[in-house]
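Trainee: Before we use any of the usual labels for this model, could we go through how each label is earned? I would like to set every value against its cut-off.

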Amino acid sequence: MKKTFVWHGRFPYLGRVHTLVSFLFVLSLIVSCTPKKTGSPDSPSSPHAQEALVAARQAFDVGAFDQAYNNFSVVLRQDPQNTAALLGRGAALLSLGKTKPAMSDFGHVLQYDENNADAFYNLGLALLQLGRTDKSETAFTKAIECNPIFAKAYNNRGLVRVRLSQFDEAEADFSRAFALQNEKDFEPIYNRAALYQMQKKYEKALSDYLVAESISPYSVRVKNNIGVVYIELGKFSDAMNSLDKALSISPNDPEVHYNRAILFEKKNEYKVAIEEYDKALIINPKMAEGYLNRGILYLRLRKNTEGCRDMSAACEYGICDLYESMQSKGLCD
């Protein structure tokens, strides 16, 4: 499950950034820091239940969560304390947006194995879905205490700590996650770069993004964010090069067109900037920042009708301050 964060830059929104990588579900069924005191083995005894467990995992892996739920339930009807099936069914429920039933399954796992790292990890994800950020941090911490090399738990706790404005702790978590994965998974280093970018530590952000790019050379969001950082650093040629590479991979990415528009505007190439805003808004007609920035540019060019129209559209999608200010001054109807 993915949830996008958008960090805004200056005047008035410099870069729409594909920011911190979203919280990812994990279905690992054997991580536990102490032996079970109660409950059944992870592998069911009956052949039929074993087949259902294999089918459930395969269905989950391809995103067939309803089918996965049904097959995990088959196992649990025969073996109600099977922790692998409880974890799997809970993860399937969570993927289907059924948060409270998922939490019930994870809770049952912890009744049978009070130190199950995966149950705490997925419980952290469930608490996030309910908006209980502080509680989710506690759950991820418990997962780490149980399994100190649980890289995804460090990564997700780092994301939670960003939400809680615990930036130093978040940086440490991303660094630990990256090290635990032998510096081969780009997501923790990407998240650390996005954190630095949010803090306007652009040189550090660029360094980390370039590492992420070396690991995942075809990632559009990495190349997009590198372009935004280069804009912030005033390196327009490098910014254009990175954004062009992103566009060659994903020609219809609205964020890339938006950031190209920002870049052309900074280079005083207003006609091309408007064309890029047009492309971004055709692809994503609800991008409030695109309307706002294009509207500001129209006003600069003394095209007040077009400018006010865009300000009104930006307000419709959630950014109203400037439009309301102009209305109060009689500059827009």
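The conversation below takes the labels one at a time.

Mentor: Let us keep in mind from the start that this is a predicted model. Begin with the cysteines.

Trainee: What makes Cys308 and Cys332 a disulfide?

Mentor: Their sulfur atoms are 2.0 Å apart, and the cut-off for a disulfide is a sulfur pair within 2.5 Å, so Cys308 and Cys332 qualify. The link is left-handed, with -80 degrees about the S-S bond. As for what is joined, Cys308 lies in helix H16 (residues 304–316) while Cys332 lies in the segment after helix H17 (321–328), so the bond ties together parts that are 24 residues apart in sequence.

Trainee: How many disulfides does a search of the whole structure find, and what pattern do they follow along the chain?

Mentor: The search finds two disulfides. The other bond is formed by Cys315 and Cys320, with sulfur atoms 2.1 Å apart, a value that also falls within 2.5 Å and therefore satisfies the cut-off. With 90 degrees about the S-S bond, the link of Cys315 and Cys320 is right-handed. Counting bonded cysteines along the chain, the pattern is 1-4, 2-3.

Trainee: Why is Cys308 called buried, and how do you know that Cys332 deserves its own accessibility label?

Mentor: Buried means under 20% relative accessible area. Cys308 has 13%, so Cys308 is buried, and Cys332, at 6%, counts as buried by that cut-off too. Cys315 and Cys320 are likewise buried, as is Cys146, whose relative accessible area is 10%.

Trainee: Turning to the aromatic rings, why is the pair of Phe60 and Phe65 called edge-to-face?

Mentor: There are two steps, since rings pair if their centres lie within 6.5 Å, and planes over 60 degrees apart count as edge-to-face. The centres of Phe60 and Phe65 are 5.1 Å apart and their planes stand at 65 degrees, so both conditions are met and the pair is edge-to-face. By this rule the count comes to seven aromatic pairs, and ring pairs also link Tyr121, Phe140 and Phe150 into a cluster.

Trainee: Are Phe60 and Phe65 buried or partly exposed?

Mentor: Phe60 has a relative accessible area of 10%, which is under 20%, so Phe60 is buried. Phe65 has 21%, a value between the cut-offs of 20% and 50%, and therefore Phe65 is partly exposed. Tyr69, which lies in helix H2 (residues 65–78), is partly exposed as well, because its 29% falls in that interval. In space, the C-alpha atoms of Tyr69 and Ala56 are 7.1 Å apart, whereas in sequence the two residues are 13 apart.

Trainee: What makes H13 roughly antiparallel to H14?

Mentor: Helix H13 (residues 254–266) and helix H14 (residues 270–283) pack at an angle of about 165 degrees, with their axes 8 Å apart. Angles over 145 degrees count as roughly antiparallel, so that is the label for H13 and H14. The crossing in which H13 passes H14 is left-handed.

Trainee: And why is H13 called roughly parallel to H15?

Mentor: H13 and helix H15 (residues 288–300) pack at an angle of about 25 degrees, with their axes 11 Å apart. The limit for roughly parallel is under 35 degrees, so H13 and H15 meet the condition. Their crossing, too, is left-handed.

Trainee: What is said of phi in Lys200 and in Asn268, and where does each residue lie?

Mentor: Phi of Lys200 is near 65 degrees, a positive value in a residue other than glycine, and Lys200 lies in the loop between helix H9 (186–198) and helix H10 (202–215). Phi of Asn268 is also near 65 degrees, and Asn268 is found in the loop between H13 and H14.

Trainee: How do you know that Lys200 and Asn268 are exposed?

Mentor: The cut-off for exposed is over 50% relative accessible area. Lys200 has 58%, so Lys200 is exposed, and Asn268, at 52%, is therefore exposed under that cut-off as well.

Definitions and conventions. Residues numbered from 1 in each chain as written. Predicted model: local features only at pLDDT ≥ 70, side-chain atom pairs only at ≥ 80, totals over all residues. Heavy atoms only, no water. Helix = DSSP H or I, 4+ residues; strand = E, 2+ residues; numbered from the N terminus. Buried < 20%, exposed > 50% of the residue type's maximum accessible area, 1.4 Å probe, protein only. Phe/Tyr/Trp six-rings, centres within 6.5 Å; stacked < 30°, edge-to-face > 60°. Axes fitted to C-alpha atoms, helices over the stretch in contact; angles between N-to-C directions. Parallel < 35°, antiparallel > 145°, perpendicular 65-115°, else oblique. Left-handed = near helix turned anticlockwise from the far one by under 90°.
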